[in-house]
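Please read the following briefing alongside the sequence and the model, which are shown first.

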Amino acid sequence: MKRIALVGMPNTGKSTLFNRLTGAQAKVGNWPGITVDLLSAKLLLGDSMVELVDLPGIYDLRGFSEDEHVVTTFLRQQSVDVVLVLLNASQLERQLQLYAQLAQFGIPLLLVLNMADEAAALGITIEREALSGWLGVPVCLVSAKHGQGMEQLRGLVVRALRAPAQAAPPDDAVIEAALKSAVHVPAQASHRLTEKIDRVLLDPWLGLPLFFGVMFLLFEAVFWLGTPVQNALAAGFSALRAAALEPALAAAPPLLTGLLLDGVYNGLSTVASFVPLIILFFLAMAIVEDTGYLSRAAFLIDALMARFGLDGRSFVMILMGFGCNVPALMGTRVMRSRGLRLLTMMVIPFSLCSARLQVFLFFIAALFPPRLAPLVLFSLYVMSIAAAMLTSLVFKRRFVNNDPFVLEIPPYRFPTLRQIVLRGWHEVRHFLRRATRFIVAGVVLVWLLTHFPVAAAPGGVDTWAGHLGSWLSPVLGPLGIDPKLTIALIFGFVAKEIVIGSLAVIYAREGGALVSAIAHDVTWVQAYSFMLFTLIYTPCLSTIATLRSEAKNAAFSVVAVAWPLALAWLVSFAFYQTARHF
Ligand SMILES: Nc1nc2c(ncn2[C@@H]2O[C@H](COP(=O)(O)OP(=O)(O)OP(=O)(O)O)[C@@H](O)[C@H]2O)c(=O)[nH]1
Ligand SMILES: [Mg+2]
C-alpha cells in the first residue's frame with residue numbers, strides 16, 4: 001500500500017486535514033504540540049487504498065526534541081511515497097524554510113497551503129501556479145477546517161502517486177524570489193479581532209485574574225447545567241432497579257442477586273449518573289483550548305512558573321492533565337530540555353483528572369450544600385495546582401530547565417460545532433471505555449472482599465475487606481479515613497473510576513440512598529480529607545505506566561509514585577487534625 005505523510009510546523013492544521021481526509025478523530029487543538037506521536041489511517045484515493053500518516057508538528061528538521069525525532073526517524077526509516085508539506089498560508093514567509101529542508105530528503109513532495117480562509121481574511125493572495133512554477137512541485141490552497149480545496153488536493157495526490165516527481169531543493173534565493181512574485185501580503189496584515197481581544201485578555205495586570213475568573217464561571221455553568229440532569233439520571237436508575245430488575249431477579253439465589261444488583265448494577269449506575277457532568281466539563285475545556293485561550297494562559301503565567309523551575313508549556317500540560325494525565329504526560333515530548341520534561345512529568349499527576357472529578361462530585365453532593373459545591377470543587381483545583389507547585393519547588397534543583405520558552409500565540413479560532421462535538425465525543429468515549437473496563441472488574445472484586453468469608457456479616461469487620469481496612473487503620477485513621485473508605489482508596493490505586501463504584505458495593509446502596517448513607521457515616525471534614533488524599537496520591541496504574549515508559553528511568557518512576565503518597569498523607573493529616581476541632 002502506498003503511504004503518504006503529513007509534515008508541517010505545529011498548529012498548521014495537519015490533524016484537522018487528517019481527520020477531514022480519513023474520517024478519523026485525531027485530537028485537534030489551537031495549541032502547538034497537540035500531536036506527539038504517529039497516527040495513521042487508510043483512505044480511498046482514486047481507485048486504491050492508501051495510508052495517510054499524521055505526524056507531530058516540527059519547526060526544524062534539525063531539532064532534537066522527542067517529537068522532532070519522531071518525524072525525522074519516520075522519514076528516514078519508512079518508505080513514504082509522497083509527503084504533503086502543510087504550511088500555514090498566512091505565514092509562508094516563515095514556513096517555506098521547512099519545505100526547503102524537506103526537499104533534501106529526496107521524497108516526492110506536494111505543497112499544501114492550509115488556512116486559506118484566514119489568509120483571505122487577512123487580504124493575502126497567493127498565486128498558486130506561479131509558486132508551483134518557482135518551486136517545481138504541485139501546490140494547492142485548502143481550508144482543512146471548512147473543507148475547501150479537498151477535491152483539488154485529492155486529484156493532486158493521485159497524480160503525484162501515479163507519476164512521482166522530485167523537485168530540486170530550492171536555495172534561499174529561489175525561495176525569496178518565489179515569495180516575492182507569488183505571494184502578496186498587504187502592508188497591514190494582522191488579525192484585528194484577535195489584537196483587540198488580546199489587549200484585554202493579555203493585559204499584564206488583568207490577564208491572569210481574568211483567566212481564573214473565566215475558568216471559575218465555566219465551573220459554575222457546568223454545575224448549574226449538569227447537576228439537575230445528574231439527579232434525574234440517578235433517580236431513573238433507582239426506579240429502574242426497583243421496578244424491573246429486583247422483580248426479575250426475585251427467584252435467583254441471594255448471593256447472585258447481591259453480586260448483580262448491589263455489585264455490578266449499583267457500581268455502574270452510580271458512575272453513569274455522573275457522565276452528563278463530565279461531558280459538560282469536557283466541552284467547556286475543549287472550547288477554552290480550541291479558541292486559543294489556553295496558549296494565552298501559558299504566556300501569561302510563564303514568568304510565574306519560571307520561579308518554580310517550570311514554564312508556560314508546563315502549565316498548559318498541567319491544565320491538559322485536568323482531562324486525563326496520560327496524554328498530558330505524552331505532551332511533554334515537545335520539551336527539549338530533559339530536566340524541564342522530567343519536572344513537568346513529576347507534577348502532571350497532581351492534575352485533577354476527570355476520574356477524580358467524578359469522585360469529588362459525588363462527595364461534594366453528599367456532604368456540602370449545593371450553594372457551596374462549585375466553591376469546594378474550585379478549592380480542590382487550587383489544591384491540585386498547589387501540590388504541583390510545591391512538588392516543583394522541592395525538585396527543581398534536580399531537574400534544571402535549560403531551554404528558553406518560545407511560544408507562538410495563535411490567533412483566536414472559533415471551533416466549528418463539528419469540532420466541538422467530535423472532541424467531546426472523543427473524551428467521553430475514552431472515559432466510558434476506561435470506566436466500564438475498570439469498574440466491572442473492580443466492583444466484582446470489592447463485592448467478593450466484602451461478602452467473604454460467607455459466615456461474616458456482609459461489609460462487616462470480619463470480611464476480608466474488614467480485615468484489610470483494620471490492618472491499614474493505624475495509617476489512615478489519623479486522616480479520618482474509615483475502613484470503608486480505605487477499601488475504596490485501595491481500589492482507587494488501580495483507577496479512580498472504581499472508587500465510587502466500590503462505595504456503592506460496600507454500602508450496598510446506589511444513587512440517592514448511597515449519598516445519604518455516606519452523609520450519615522462521614523463528616524464533611526473526613527470527606528474533605530478523603531478527597532485531598534484521593535487528589536494527591538497515585539493517580540492510576542495507566543499514569544504510572546506512562547510515566548515509566550516516557551521517562552525511561554526506573555528510579556524516577558519510583559520517586560514519582562512514592563512522593564505523592566507521602567505528600568497525600570501529610571496534607572490530609574494536617575487538614576484533618578486541624579479542621580476536626582472546628
Ligand atoms: N481557520 C482555520 N483554522 C484551521 C484550519 N485548519 C485547522 N485549523 C485550526 O488550527 C488549529 C490547529 O489544528 P491542528 O489540526 O490541531 O494542527 P496540527 O498541525 O495537527 O497541530 P500539532 O499537532 O500541534 O502539530 C485548530 O484550532 C484548528 O481548528 C483552516 O483551514 N482554517
Ligand atoms: Mg496534530
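**Metal site and selected residues**

Both S15 and T35 are buried, where buried means under 20% relative accessible area, exposed over 50% and partly exposed in between, with a 1.4 Å probe and protein chains only. This is a predicted model, in which local features need pLDDT of at least 70 and side-chain atom pairs count only at pLDDT 80 or more, whereas totals for chains, interfaces and linings use all residues. Residues are numbered from 1 along each chain as its sequence is written, chains are lettered from A and ligands numbered from 1 in the order in which they are written, and side-chain values use heavy atoms, with hydrogens and water left out.

Magnesium site
- S15 (OG) and T35 (OG1) are the protein donors of the magnesium ion (ligand 2), at 2.0 to 2.1 Å from it; donors are N, O and S atoms within 2.8 Å of the metal (3.2 Å for Na, K and Ca), and sites may look incomplete, since water is not among the atoms.
- The pair links distant parts of the chain, 20 residues apart, with S15 in helix α1 (residues 14–22) and T35 in the loop between α1 and β2 (39–45); helices (H or I, at least four residues) and strands (E, at least two) are DSSP runs, numbered from the N terminus.

Residue R241
- R241 belongs to helix α9 (residues 207–248) and is buried, with a relative accessible area of 13%.
- Among the residues that R241 touches are L261, Y265 and E510, not counting residues up to four places away in sequence, contact meaning heavy atoms within 4.5 Å.

Residue P170
- P170 lies in the loop between α6 (150–162) and α7 (172–182) and is buried at 12% relative accessible area.
- Between P170 and L541 there are 50 Å in space, C-alpha to C-alpha, and the two are 371 residues apart in sequence.
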